[in-house]
Number of protein chains: 2
Amino acid sequence: MRLSQFHLATVKEVPADAEIASHQLMLRAGMIRKLASGLYTWSPLGLRVLRKVENVVREEMNRAGAVEMLMPTIQPRELWEETGRWQKFGPQLLKIKDRKEQEFCYAPTAEEVITDYARNELNSYKQLPVNFYQIQTKFRDEIRPRFGVMRAREFLMKDAYSFHLGQDSLAETYQAMYDAYARIFTRLGLKFRAVQADTGAIGGNASHEFQVLADSGEDAIVFSDGSDYAANVEKAEALAPITPRPAPAAALQRVDTPTQKTIAEVSALLGVSPTQCVKTLLVKGRDGLVALCLRGDHELNEVKAGKLAELPDEFALADEAEILAATGTRPGFIGPAGLPDTIPVIVDRSAAVLADFVCGGNRDGTHHTGANWERDARITRVEDIRQVVEGDPSPDGKGMLHLARGIEVGHVFQLGLKYAEALGATVLDDQGKAQVMLMGCYGIGISRIVAAAIEQRHDEAGIVWPEAMAPWRVSVCMINPKGNPEVAAAAESLYQELAARGIETVLDNRGLRPGAMFADMELIGIPHRVVVSERGLAAGTLEYRARVDAESRAVTRDELLGLLD
Amino acid sequence: MRLSQFHLATVKEVPADAEIASHQLMLRAGMIRKLASGLYTWSPLGLRVLRKVENVVREEMNRAGAVEMLMPTIQPRELWEETGRWQKFGPQLLKIKDRKEQEFCYAPTAEEVITDYARNELNSYKQLPVNFYQIQTKFRDEIRPRFGVMRAREFLMKDAYSFHLGQDSLAETYQAMYDAYARIFTRLGLKFRAVQADTGAIGGNASHEFQVLADSGEDAIVFSDGSDYAANVEKAEALAPITPRPAPAAALQRVDTPTQKTIAEVSALLGVSPTQCVKTLLVKGRDGLVALCLRGDHELNEVKAGKLAELPDEFALADEAEILAATGTRPGFIGPAGLPDTIPVIVDRSAAVLADFVCGGNRDGTHHTGANWERDARITRVEDIRQVVEGDPSPDGKGMLHLARGIEVGHVFQLGLKYAEALGATVLDDQGKAQVMLMGCYGIGISRIVAAAIEQRHDEAGIVWPEAMAPWRVSVCMINPKGNPEVAAAAESLYQELAARGIETVLDNRGLRPGAMFADMELIGIPHRVVVSERGLAAGTLEYRARVDAESRAVTRDELLGLLD
C-alpha cells in the first residue's frame, strides 16, 4: 500500500475523554472514530487490524472442525421468551419494535437462534457432534460504555455453539476449542493465560476465560509458579492452612476501641498484626442475617460466598439499622463472640485456625482480645470464602499463587442442557429415543482483542503491534523524495520487491519531513521500519529499526531481506 | 471439505411459502433458514457462497483504489435529522430507543455517517479524491418482505462513498466504479447489463443500475441491438417519430360507444387499430387536473410524467367524482377534443403525429372519429411521457430497442452536493477557500446477488452455479465406499490431489446411495462432478459430468486434471 492512497489520519493531541492507553492510542492513530456513546467507526487503518484478528480466529476455528454460518443480528422476542432471557437479560438487551409493532432484539449472543436452528436441522445422533460458529456484529446496551472498543455497545464477536450427545463428546469439543483458543492468542503474539472461571448463573460444568495480560486489565487472575494452574480470582480456591489451630492460651478480654472500627485502626491501637484479627461481615441471607468471618488481612470473595446455602447468589451487606436491630451494636464493633444464636457464623478456613484473636466486642466502642473459636465464639461452618492473595499455595498443591491483571478476550463454556432443554432441542439416539442435546459455547471478542493487544503492547511513542496484528509488517520511509528522485526510485523498488515476496509493506510516500513520518510509523506500531536516504544510498545501505529497538542500524538490502523473511 | 464433517441439510419438499425459484432452491439446498419475516440465517453452505461474492467485490473495490472501513449498524437520530432523512426515509427506517431513551436507527445506508466522518477527517483538497467503502449488514423494514434474501429486511451490502472537489474528479471515480462493477459481475459469471437509471428524488447527475438478467426479474430494462445503449425502462427515451403529422383528411364525428370504454373495446367496435386511437388520462396536477394523451397501444411512463412541471413527482389519477366535476363526463369517454380550457393537455410524441384519430367524446357513451390536433384538440405541449416498447428506435440513433427483465444488484450514483451540503462537509481548496465536496455513492447487494444468480442459472434439478460462486468447484462422489475400500481410497486420494492443486473440492463420503448423492450435488449446483466407482477403477477411468452437461463421460485422471486446471 502506498500511503498517499491510504486515508491515514493520525492526531497529536491525546483525546480528553479517553481514559486508558488503548483508547487514547486508537484515537491518536486514527483507528477508530466515535459516532455516539459506545459506537465506533473503524477507519481503514483500524479495520486492517480488526480483519487480521478475524482471519486468525476463522482459520483456527476451521482447523478445529467448526463450521461457519451467519445468523441475523435482529432476533424475534418469541425465541428469547422460550429461554426466559427476554426478561432476564435486563436492560443490556436492546429491544426493538418493527413497523408492525412486532418485538425484536439486537442479539448480544445467539444461544436461542442457534438452538432453534439445531432443533430444526439436527434429527439424529449421526449428525453429532457439530460445532457452528459465526463472526458477527453484536450489541449490548451497556449502561456506561467506556474505554473505546474495549467496552463498546456495538462490537464484533466470534461465537460458537457445539451440540452433543454425551458429556464425553462435549468435553472433547470443549478441549478442541480450548486448544484452538490457545493457538489463536499464540499466533496473534499476545501474552495470555487460560484461567478457570466461575460458571456463574448459567451453571454448567466447566468454563475457562482467556485473559490477555495487561496491568490495566479489569480482571484479577491468579496463576501458580509451580504448575499450569491459573484461575480467575473469583474462582481460585484458598486452601485450608496445613497447620492446625493452636490451643487457646489467652483469656477473652474486652478492650476499649472508642473510634476504631476498621482492622487497620484496631490492629494499630492494640499493636497486633491484622493476621491475628478476625473481621466479621453481616450480610443479608435467605432467612435473616448471616455472619461471615475472615482473617483481618483477607478480603471476602463474593462469588464464593454467593454459593453458600444461606445466601442468595447476589447478596448485600446488612445496613446499619438492620445490624443495630439484630445485635444492638453499630457496624465496626461486630464480632463472632457473643453474637445472637439466630445468626449463622460462617468462618473462612484461614480465620478458623486462629487462636487468641482480636475481634469486635458486640458492644459499641469495644473489641475483644484473646478470643477463641468454640470456647468464646460459635462456628456454624468453616468454608472457603476469601479472595486468594499473592503467595497463597496453589490449589493443585504445586507452587505458589501469583496475582496478575488480565483483559478477558475469550470464554469457553460447557453449557450442558440449559438451552437445549428450554427449547426442546432433541435428536434420536442410536436406540431411536429422543435425547436432549448437550451444548458448549465459545466466544471471542474480536474487536476487544485489538484494544487488549494495545494495552499489553505500547510505549510512549505509540502502539507496538505483534507481527500478526500489525496493519503492515514493514514501513518503507523515503527521506526528501522530491529533492532526490533516486531515493524515491530506490524506495519504490524496495517496496515492490517486499510486496512481491508477500511481505505486507506500506510505502510512506506522503513527502512528510522525517520526524513526522517516523512519529506516525511508531504511533501506528509498524514492527519494522526501513529508511531510504541519500546518505544511505551513497553507502549502499538502508537504515533499519525494529519497533522494539532503541536505535536504528545500517543494513544492506540482503541483510534486510534476511531479517524480514 | 469432507461432506461428513460439513453440515449439509438439503430437503426434498418445495417449501410452500417460497414463490420464486431462487427462494425455493436456497431453502431446498439448505443455504438459508427463515428466522422471522425477512430475517434469514445463512447455513454453512449458504455462507460459503455469500463469502465468495463478498470476496470478489472486496478485491475489485480494492483494485479500483477504494479503501475499506466499517461503520456502526446503529446510528444516532441526530445525524439523520441533519439531512432530513429521519422523517423522509419513512417506515422502512427501523427506529430504536436505547435504555436512555436516545433514538437511533439500524442503518439502511450510510450517507450520513460517512459524510460526518468526512467532514471531521478531510480538511484539504490534497486528501481528495477518496473512496471509502464497507461491507456491512443493513436493515430495511420492508412492509412485505418476500422472495427470501431477494427482498429481506436484514441483508449484506457493499456501500461506497467517494468525495471530490470538482465534477471531473467525481466523473472519473464514477467511471472507475462502473468499470469495477462490470469486472465484478463478469468475474462472478453472470449475464448482466449496466443500464441508465432515473436519478429519482435524490437528484444528482448520473446513475446506472447493474441488472442481472433473469426472466423473473422485477425490473424492466431495454437495450439496443445496434449499440451498447441500455437503460431502465423508466429512464429510456422514446424518440419522436421521424415522419411528420399528416394533414387532416377526415371530419370530426361523434359515434356511439355505449359500453365501450377501453381502447381495446373501442377499436374493436369501430374496426380501427389501437395505433390510430388516442387515450387520455386525467391526473391530479399541482393546480388542478391535467390531461395526458398517449397513442392507444402505448403505456404511460410515470417517472417521465412525474417530471412534468404541471405534476408532482408522485401523482395520482383523478377519481371518478373529480373527472365528472371537471368535464361532466365519466371516465372512459374523455378525449382531448372539447376538454375545458382550464385543463392542460400534454401529448406524447407518438400521439402528437397522429391525424384523423379516435378519441373519447367528452360525453358519456360516445367517442370521436376523425379527430385532429390543433383543428379539434388543443395541445399544451408535446412531451416524451410513454414507456418504450420492443422495436422502438434506440435513443442514441443506433439500432432498435429490446426489452428484458432484470434484478437490480448494483447501483452507482453521482450524488453531487446533496449530503455534503446538508452536513456542511467542506475542504479547503488550493486557494485556501472552503468548498463543499461532491459525492458519489456506489452500492452492491451482496446477499441479493446470490439469489439473482440462482434466478438466472437454475434448472429442474437445482442450482447451476457459475464457477466463481460455487460453494466448491468440484465434487468427488464415491460409489459404495463401505463395500469397496479401494473406491474409498481412490476417491480420497483424488480429493487430496485436487485440494493440493488449489481446486476447491468437496468429497461426498457420507455413504449415501448414488441417486441421493447425485441429486444433492445437482441441487447445490456444484459445477463439476467426478464419480469414483468399482467399474471405473477397473477400467482406469473416472466418470465426469459438468453440471451443465446432459450426460457423464469416462475420463482418465490426467484428462480430468486437464479439464479442471
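Modeller: Let's start with a term: two strands pair if DSSP finds at least two bridges between them. Keep in mind that this is a predicted model.

Colleague: Okay, so which residue is the bridge partner of A:Cys359 in strand 18 of chain A?

Modeller: That's A:His368. Strand 18 covers residues 366-371 of chain A, and three bridges join it to strand 17 of chain A. The two run antiparallel.

Colleague: What order do the strands of that sheet come in?

Modeller: Read across, the open sheet goes 13-18-17 in chain A, three strands with antiparallel pairing. Strand 13 (253-256) and strand 17 (357-360) of chain A sit at the edges, each pairing on one side only. From one strand to the next, the twist averages 30 degrees.

Colleague: On to charges. How many salt bridges does the structure hold over all chains?

Modeller: There are 100. The test is a side-chain nitrogen of Lys or Arg within 4 Å of a carboxyl oxygen of Asp or Glu. Take A:Asp392 and A:Arg386: their side chains meet in a salt bridge at 2.8 Å, N to O.

Colleague: Is A:Arg386 buried or exposed?

Modeller: Buried means under 20% relative accessible area. A:Arg386 counts as buried because its relative accessibility is 3%. Its partner A:Asp392 is buried too, with a relative accessible area of 9%.

Colleague: And chain B? Which residue forms a salt bridge with B:Arg187?

Modeller: B:Glu59, with the closest N and O atoms 2.8 Å apart. B:Arg187 lies in helix 6 (residues 167-187) of chain B and B:Glu59 in helix 2 (residues 44-63) of chain B, so this pair ties together parts 128 residues apart in sequence. As for exposure, B:Arg187 is partly exposed at 35% relative accessible area, and B:Glu59 is partly exposed at 41%.

Colleague: Where do B:Glu218 and B:Arg448 lie?

Modeller: B:Glu218 is in the loop between strand 10 (207-213) and strand 11 (219-224) of chain B, while B:Arg448 is in helix 12 (residues 446-456) of chain B. They are 230 residues apart, and the pair links distant parts of the chain. Their side chains meet in a salt bridge at 4.0 Å, N to O. B:Glu218 is partly exposed, with 37% relative accessible area, whereas B:Arg448 counts as buried at 18%.

Colleague: Last one: which residues do salt bridges that share partners join into one network?

Modeller: From chain A, you get A:Arg51, A:Glu54, A:Arg58 and A:Glu68. From chain B, B:Arg51, B:Glu54, B:Arg58 and B:Glu68 belong to that network.

Definitions and conventions. Residues numbered from 1 in each chain as written. Chains lettered and ligands numbered in written order. Predicted model: local features only at pLDDT ≥ 70, side-chain atom pairs only at ≥ 80, totals over all residues. Heavy atoms only, no water. Helix = DSSP H or I, 4+ residues; strand = E, 2+ residues; numbered from the N terminus. Axes fitted to C-alpha atoms, helices over the stretch in contact; angles between N-to-C directions. Buried < 20%, exposed > 50% of the residue type's maximum accessible area, 1.4 Å probe, protein only.
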